[in-house]
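Biologist: I should like a close look at a single part of this assembly. Please describe the place where the two chains meet, and then the elements that supply one side of that place.

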Amino acid sequence: MAVEADLVSYLDGATALTAGTDLFEGPVPENAASPCVGVVHYGSEPSDDYTMGASLAAPGSEWELVQVMTRANTRAAAITQANALHALLDNLQGATINGRKYHAIESDGPPFFLKIDTVAAGLRWYYVANYRVRKARG
Amino acid sequence: MRVRVEVSGSDEVRRSLARLGRAGQEAARKVLGAEVQAMLPEIRANTPVDPEDGGQLRDSVRATKLTITRTGRVSAGVVAGGAPLRKYLGTRKANVYAVVQHEDMTAKHTTGGPKFVERTFMRRAPRNPAKLMEALDREAKKA
């Protein structure tokens with residue numbers, strides 16, 4: 001999905017995370033090393049921005065719902081990473097990412113603890129935050 | 001776990017609600033109440049069910065009591081989890097279980113999936129102002 005690719009691209013450029021290595025489109029892969037981050041486009045809302053125009057013309061903007069999940073081996077690392085990403089996403093306005101206009105990104109609230117799981121390497125802590133994105137089609 | 005949707009930003013709806021007073025609030029309550037009841041089957045169908053003796057989370061999905069505050073705010077909601085799950089979860093927290101099931105995009109489900117409440121709400125909520133206006137227009141004609 002474009003919104004996943006765009007936000008991964010944006011975060012890749014704004015943080016030490018690297019797309020495809022520890023920053024992923026979609027849910028964080030089970031076998032990826034922690035810490036890592038996944039950007040999931042999980043829903044969309046009807047656009048409120050259609051205007052009179054030609055058939056099939058795209059609305060001025062569309063709403064998409066995105067979750068950013070951070071996984072790390074310690075609670076502190078997960079919180080730090082999730083909060084750093086939140087600071088880069090919440091209330092982002094008027095950005096152009098990969099040539100596409102992002103009018104606004106607003107969070108449903110700060111990142112929160114989701115769960116812990118255990119693998120051979122030890123515990124893994126998960127934090128998530130959800131965002132509503134108003135962007136140009138694509 | 002509780003999901004609430006507030007209809008805001010629609011000045012026309014708010015003005016009509018204020019103009020109609022108590023009748024407007026009652027009309028809004030009816031519209032939102034019907035809307036929440038219509039959502040419940042869809043939300044239940046999308047709720048994850050544990051393949052081994054599961055279904056308690058799905059069965060816990062229910063509408064909250066409709067309320068109207070003194071300032072005229074009409075509130076309708078859907079709840080999943082909470083008290084009905086307590087007897088099944090042992091020492092685990094009932095609300096935490098529901099939140100994890102709702103928010104965890106990495107979980108693999110054979111039935112249902114994450115965001116089972118929110119997806120339905122957010123798809124239907126934008127249509128509510130139009131339905132509210134229709135109900136308020138009907139009340140205005142009566143007056």
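Modeller: The account below begins with the interface and then turns to the strands behind it. The model is a predicted one.

At the interface, 15 residues of chain A are in contact with 12 residues of chain B. The area buried between chain A and chain B is about 1200 Å², and carbon and sulfur atoms give 62% of that area. On the side of chain A, the residues that lose the most area to chain B are Y42(A), P46(A) and L114(A); together they account for 40% of what that side buries.

Polar interactions also cross this boundary. Seven residue pairs, both members at pLDDT 80 or more, are in polar contact between chain A and chain B. One salt bridge is found across the interface: K115(A) is joined to D104(B), with the closest N and O atoms 2.6 Å apart. Several strands of chain A take part, since strand 2 (36–45), strand 3 (62–72), strand 6 (112–119) and strand 7 (122–135) each supply at least two residues of the side that touches chain B. By class, that side has nine nonpolar, two polar and four charged residues.

These strands are also linked by pairing within chain A. Strand 2 of chain A runs antiparallel to strand 3 of chain A, with nine bridges between them; within this part of the sheet, E45(A) has W63(A) as its bridge partner in strand 3. Strand 3 of chain A in turn pairs with strand 7 of chain A, again in the antiparallel sense, over 11 bridges. There, the bridge partner of M69(A) in strand 7 is V128(A). Strand 7 of chain A is also paired with strand 6 of chain A, antiparallel and over seven bridges, and F113(A) has Y127(A) as its bridge partner in strand 7. A hairpin of two residues connects strand 6 of chain A to strand 7 of chain A.

Strand 3 of chain A, paired with both strand 2 and strand 7, deserves a separate word. In strand 3 of chain A, 11 of its 11 residues are buried. In a regular strand the side chains alternate between the two faces of the sheet. On one side of strand 3 of chain A lie E62(A), E64(A), V66(A), V68(A), T70(A) and A72(A), all buried; on the other side, W63(A), L65(A), Q67(A), M69(A) and R71(A) are likewise buried. Both faces of strand 3 of chain A are therefore covered.

Methods. Residues numbered from 1 in each chain as written. Chains lettered and ligands numbered in written order. Predicted model: local features only at pLDDT ≥ 70, side-chain atom pairs only at ≥ 80, totals over all residues. Heavy atoms only, no water. Contact = heavy atoms within 4.5 Å. Buried area = accessible area lost by both parts, 1.4 Å probe. Salt bridge = Lys/Arg side-chain N within 4 Å of Asp/Glu carboxyl O. Polar contact = N/O pair within 3.5 Å; in protein donor to acceptor, adjacent residues only side chain to side chain. Helix = DSSP H or I, 4+ residues; strand = E, 2+ residues; numbered from the N terminus. Nonpolar A, V, L, I, M, F, W, Y, C, P; charged D, E, K, R; others polar. Buried < 20%, exposed > 50% of the residue type's maximum accessible area, 1.4 Å probe, protein only. Pairing = 2+ DSSP bridges.
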